[in-house]
Amino acid sequence: TQFLRGKSQQLLNELDRRMNEAVANMAFEEAACVRDQMKHVRLIQEQQGVSLREGDADVIVSYVRPGFACVQWVGVRGGQVLDSQVFFPTVPKAGLEQKDLEQAVFEAFIANYYFDTLDRIPECILTNQPVQEQASLEEALRARRKRTCKIQINPRGSKARWVDFAKDNLDRSVSARHASTKLIEQRYQDLQQQLSLQSITSMVCFDISHTQGQDTVASCVVFDKYGPCKSAYRRLNITGITPGDDYAAMTQAVTRYFTRLLRDGKALPELVVIDGGKGQVSMAKQALDALDVTAIKILGVAKGPARKAGLERLVLADDFQEMSWAPESPALHILQHIRDESHRFAIMAHRKKRQKTTLSSTLNIIPGIGEKRRHALLHRFGGLRELAKASREEIE
């Protein structure tokens, strides 16, 4: 909202505060995301002094190779860049020629980005690649928008500057992705050597979060060969255990997660990481043994006595002997990454559950407020705080 109102500097100040706060809390992944947001805002600021013809336009450029694709989208409204997003769709490694693969990525992006959200469709889409069946695609967009939507290929003049801007962002995104992928590969290779594994294509990490035993939640974070795979993250509400029994919570979380994988016939990870020590690792091993899943390596990551990064104690379920790796070890870095991510996701899930429980229990004590009325009130006002501010007339 601040950005759309032209208050870019206020937004940058707020992002800077959030980044410093995240660093102070050792939430380095969050700090990195905020840092990237700041870079994005500054890039847009640099381009906002350039005018475009009247009307709105979206710019779509892509870098496509077998097994890898990057799509850069830039939104121009009223002559100013208001947004920029990057996407990394999954593409096949073989089976299509280069031009067919590029066309398939472009059409799939158009379909997924616009067709289900009609108010996104602009009057003009700019791109730098040939578009097969251009007339048919324009007609499909027009039918959904109820107004004309033109696709312009390699535009000239002022519009070409927005395409160049999108291409510059695309190059940065591709370079950053490749650098990140190479770093992840190095860390995986070191982890494979340390654990004597032939390969690691995916690994999962479990963490438990609660407040004095209440509202217990387990998180399951998944890393694939590119790092965090957020679409595969899972939150598990833990029920039917003694409050505060982390061992029982871990057993339930591992059992439920792998039972679903086995039931759905999905590939199992090569490594299970547990945020905890010997006790937690033992519970995870017993849960997997009960499911007859014995080929997966189980590793616990426990904070050392000083609870500082780099001093973690590692526990393998093979022999339950504690060990430590050098603080500069690439393998330890990726374990810290997935551990911190699972901890962040668990805390976030627990806070949401606790907030929901608090809201529900507060309204439950009011005579005449049933479940349907409670849901209606929370939906209308967006939360208990806003409901408390509402007038009698608004509530009526």
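In the predicted model, strands β2 (residues 68–77) and β3 (residues 80–87) pair in the antiparallel sense, and 7 bridges connect them. Arg 77 of this pairing has Gln 80, in β3, as its bridge partner. The hairpin formed by β2 and β3 has 2 residues between the strands, and in it Gly 78 adopts a positive phi near 60°.

A positive phi is also found after helix α9, where Gly 382 follows the helix with a value near 80°. Helix α9 itself spans residues 371–381, and its buried residues are Arg 374, Leu 377, Leu 378 and Phe 381. Viewed down the axis of α9, these buried residues fall within an arc of 95°, and they therefore line one face of the helix. The face turned away from this buried side carries the exposed residues Lys 372, His 379 and Arg 380. Such a pattern can be read against the geometry of the α-helix, which has 3.6 residues a turn, so that residues three or four places apart point the same way.

Salt bridges were examined next. The count comes to 12 salt bridges in the model. One of them lies within helix α8, where the side chains of Glu 341 and Arg 344 meet at 2.8 Å, N to O. Both residues belong to α8 and stand 3 residues apart, about one turn of the helix. The two partners fall into separate accessibility classes: Glu 341 counts as buried because its relative accessibility is 2%, under the 20% limit, whereas Arg 344, at 31%, counts as partly exposed. Elsewhere, salt bridges that share partners join Glu 14, Arg 17 and Glu 21 into one network.

Within that network, Glu 14 forms a salt bridge with Arg 17, the closest N and O atoms being 2.7 Å apart. Glu 14 and Arg 17 both lie in helix α1, and their spacing of 3 residues corresponds to about one turn of the helix. Glu 14 is partly exposed, with a relative accessible area of 31%; Arg 17 is likewise partly exposed, with a value of 42%.

A further salt bridge joins the side chains of Arg 263 and Asp 264, with an N to O distance of 3.2 Å. Here Arg 263 is exposed, its relative accessible area being 61%, while Asp 264 is partly exposed at 39%.

Helix α8, which covers residues 330–364, also contains Gln 336. Gln 336 counts as buried, because its relative accessibility of 12% falls under 20%. The side chain of Gln 336 makes a polar contact with the side chain of Glu 312, at a distance of 3.2 Å.

On the surface, Val 23, Met 26 and Phe 28 make a nonpolar patch of about 290 Å². Met 26 is located in the loop between α1 (8–24) and α2 (28–47). With a relative accessibility of 47%, Met 26 counts as partly exposed, since this value lies between the 20% and 50% limits.

Definitions and conventions. Residues are numbered from 1 along each chain as its sequence is written. This is a predicted model: local features need pLDDT of at least 70, side-chain atom pairs count only at pLDDT 80 or more; totals for chains, interfaces and linings use all residues. Side-chain values use heavy atoms; hydrogens and water are left out. Buried means under 20% relative accessible area, exposed over 50%, partly exposed in between (1.4 Å probe, protein chains only). Helices (H or I, at least four residues) and strands (E, at least two) are DSSP runs, numbered from the N terminus. The arc is that of the directions from the helix axis to the C-beta atoms. Patches are made of residues with over 30% relative accessible area and no salt bridge: like charges are joined within 9 Å, nonpolar side chains (Val, Leu, Ile, Met, Phe, Trp, Tyr) within 5 Å. Accessible areas come from the Shrake-Rupley method with a 1.4 Å probe; for residues, only the protein chains shown count as cover. A salt bridge is a side-chain nitrogen of Lys or Arg within 4 Å of a carboxyl oxygen of Asp or Glu. A polar contact is a pair of N or O atoms within 3.5 Å; within protein, one must be able to donate a hydrogen and the other to accept it, and residues adjacent in sequence count only if both atoms are side-chain atoms. Two strands pair if DSSP finds at least two bridges between them.
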